[in-house]
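User: Hey, can we look at this protein together? I'd like to start with the empty spaces inside.
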Amino acid sequence: MMSQAEMKRDPKLYNEDLAPLPQHKRNWGWFEIFNVWANDVQSLFGYTLAASLFFAYGLSGWAVFAAIILAGIFVMYLVNLSGEASVKCGIPYPVLARASMGIYGANFPAVIRGIVAIFWYGAQTYFASTALAVLISALMGVSPEESKLASQGGLLGMSGIDWFAYILVWIFQIFLFWRGVEWIKKFLNWAGPFVYVVMVLLMLAIWAKVGFWELLGSVNTIFADASSGSDMSAVSGFMAVMGTMIAYFAAVVINFGDFSRFVKSSKEMRKGNFWGLPINMAFFSFIALFVTAGSSVLYGGEGGLTATQLRNPADIVAHIDFLPLTIISALTFFAATVGINLVANFIPPAYDVANLFPSKIDFKIGGVITAVLAFPIGALWVSTISTMGIFSFVNTLGAILAPMYGIMMTDYYITKKGRLKVQELFSSDPSGLYYYEGGWNKKALLAFAGPAMFSTAVVWVPALNEAVGGEGFAWVIGAILGAVCYRVIVGVDETPVPEGESC
């Protein structure tokens with residue numbers, strides 16, 4: 001790879017944060033990648049989504065558990081594909097997008113990814129704040145019932161404690177982000193393993209209260225009995241669970257290069273993805289399965305936890321009413337959710353915003369812009385955004401991004417045969433490989449438009465939703481359509497494979 005000094009680069013396309021990362025600065029191993037996924041799965045939103053899936057489709061807990069594991073295997077293969085180019089070339093997602101979309105056209109997928117990340121960032125900030133609110137309430141002696149009543153009468157469905165916790169989390173995340181990627185890496189390396197310790201203790205405490213055999217029996221029946229009345233077949237429900245979990249990871253799948261560029265080798269990346277996705281998801285889902293089932297037995301029903309509260313471990317811990325466990329659990333849930341929020345929903349849009357005006361906006365300023373734009377998203381989560389339903393929220397954001405994944409992977413692996421001329425990704429020379437038409441690959445934009453509208457419609461148009469078997473299939477359909485349309489529109493030899501200096 002050419003050094004940065006050797007590149008003929010346009011300052012409008014380049015800054016130090018977007019530049020190819022030299023090999024000697026790539027110090028992430030498999031454990032750092034594992035912790036990216038560990039914190040993503042362990043976040044309060046991740047747990048809430050998994051717990052909601054147990055109740056949603058009338059399946060036994062074990063069937064949902066199997067579907068989540070299969071989703072993890074599928075996502076592992078997806079990110080192995082999307083991360084490879086950035087391991088080889090050291091470039092982040094918005095720069096990689098220039099190869100398929102054009103040096104200026106890449107601003108379009110960067111903006112789309114940035115908008116999705118801002119929505120996710122706001123949502124995860126709210127969920128992280130719920131753990132902190134539980135901790136503050138416990139220390140102040142406010143009972144879960146009193147907290148619930150205060151929230152119902154508060155501004156936008158949030159009490160004074162809720163608002164204080166939300167603003168505090170929002171400020172803390174900016175502080176941690178401003179310290180840099182190395183600080184975030186250390187934070188993740190601490191948070192990921194420690195959350196598992198707390199989750200295992202929570203599971204064992206609930207298991208001991210319910211009884212070993214009674215809890216095992218509940219796993220088979222309680223979720224089907226309490227389902228939302230879905231009339232899906234068992235197969236369709238199983239596939240819908242898989243599809244929704246894939247969509248949950250869609251934002252990280254498409255821009256995984258923002259993380260893999262820090263990894264020492266492809267082998268380390270694949271090892272981290274293996275332990276962080278199928279293995280990690282199997283372990284975490286096992287815990288979520290028994291915690292949710294046990295909580296339903298112990299605290300569900302009239303006068304107990306509501307269906308929404310049963311899906312949030314922070315609410316479950318608060319209901320146990322054991323202060324030491326509440327303090328430890330709230331801190332670790334908070335740490336895990338903040339960790340993945342920084343990695344998955346703060347770092348990527350920071351790069352994406354910086355990519356719009358590289359000479360004026362750097363990584364840190366891009367991150368602050370992201371935080372400011374995301375603040376109202378989290379503030380409106382309870383009163384407005386959550387009313388669309390957690391599955392529709394996840395699947396809509398996934399459907400928007402899905403065609404772009406198909407386009408970028410088809411372009412890199414088939415059209416360009418896995419080779420890029422990195423210096424030309426930073427060049428505005430009209431004769432350059434990635435200049436296309438005025439810096440835009442209009443064929444790629446055309447290949448994105450139709451599939452993106454169709455996959456989003458799968459989520460929101462009832463007839464289409466029913467025809468394909470449910471909104472959980474939206475991401476997979478969008479990605480396949482994006483890949484096929486790009487292949488058909490661009491053709492076989494649209495862009496020559498670069499010779500000479502390439503990666």
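User: Which element gives the most to the lining of the second largest cavity?
Analyst: That's α13, with three residues. Helices here are DSSP runs (H or I, at least four residues; strands are E, at least two), numbered from the N terminus. Before we go on: this is a predicted model, where local features need pLDDT of at least 70 and side-chain atom pairs count only at pLDDT 80 or more, while totals for chains, interfaces and linings use all residues. Residues are numbered from 1 along each chain as its sequence is written, and side-chain values use heavy atoms, with hydrogens and water left out.

User: OK, and what counts as a cavity?
Analyst: On a 1 Å grid over the protein atoms alone, a cavity is a set of points where a 1.4 Å probe fits but cannot get out, and lining residues have an atom within 4 Å of a point. The volume is the space filled by probe spheres set on the points, which are joined across faces, edges and corners.

User: How many cavities of 30 Å³ or more are there?
Analyst: Three. The largest has a volume of about 70 Å³, and the second largest holds about 60 Å³.

User: Which residues line the second largest one?
Analyst: Among them are V41, G46, M245, Y248 and F284. The lining divides into eight nonpolar, two polar and no charged residues. Nonpolar covers Ala, Val, Leu, Ile, Met, Phe, Trp, Tyr, Cys and Pro, charged covers Asp, Glu, Lys and Arg, and the others, Gly among them, are polar.

User: And what lines the largest cavity?
Analyst: D40, W120, Q124, Y248, A251, V252, I340, A344 and N345. α15 gives the most, with three residues. By class, that lining has six nonpolar, two polar and one charged residues.

User: Switching topic: is I206 buried or exposed?
Analyst: I206 counts as buried because its relative accessibility is 1%, and buried means under 20% relative accessible area with a 1.4 Å probe, protein chains only. I206 sits in helix α8, residues 181–210.

User: What does I206 touch beyond its neighbours within four places in sequence?
Analyst: I206 is in contact (heavy atoms within 4.5 Å) with F290, V291, G294, S295, L298 and I316.

User: Last one: which residues touch the most other members in the largest nonpolar core?
Analyst: F45, W120, M245, F249, F393, L420 and W475, out of 163 residues. Such a core is a set of buried Ala, Val, Leu, Ile, Met, Phe, Trp, Tyr and Cys residues joined through side-chain atoms within 4.5 Å.

Conventions: On a 1 Å grid over the protein atoms alone, a cavity is a set of points where a 1.4 Å probe fits but cannot get out, and a pocket is an open set with protein on both sides within 12 Å along at least five of seven lines; lining residues have an atom within 4 Å of a point. Buried means under 20% relative accessible area, exposed over 50%, partly exposed in between (1.4 Å probe, protein chains only).
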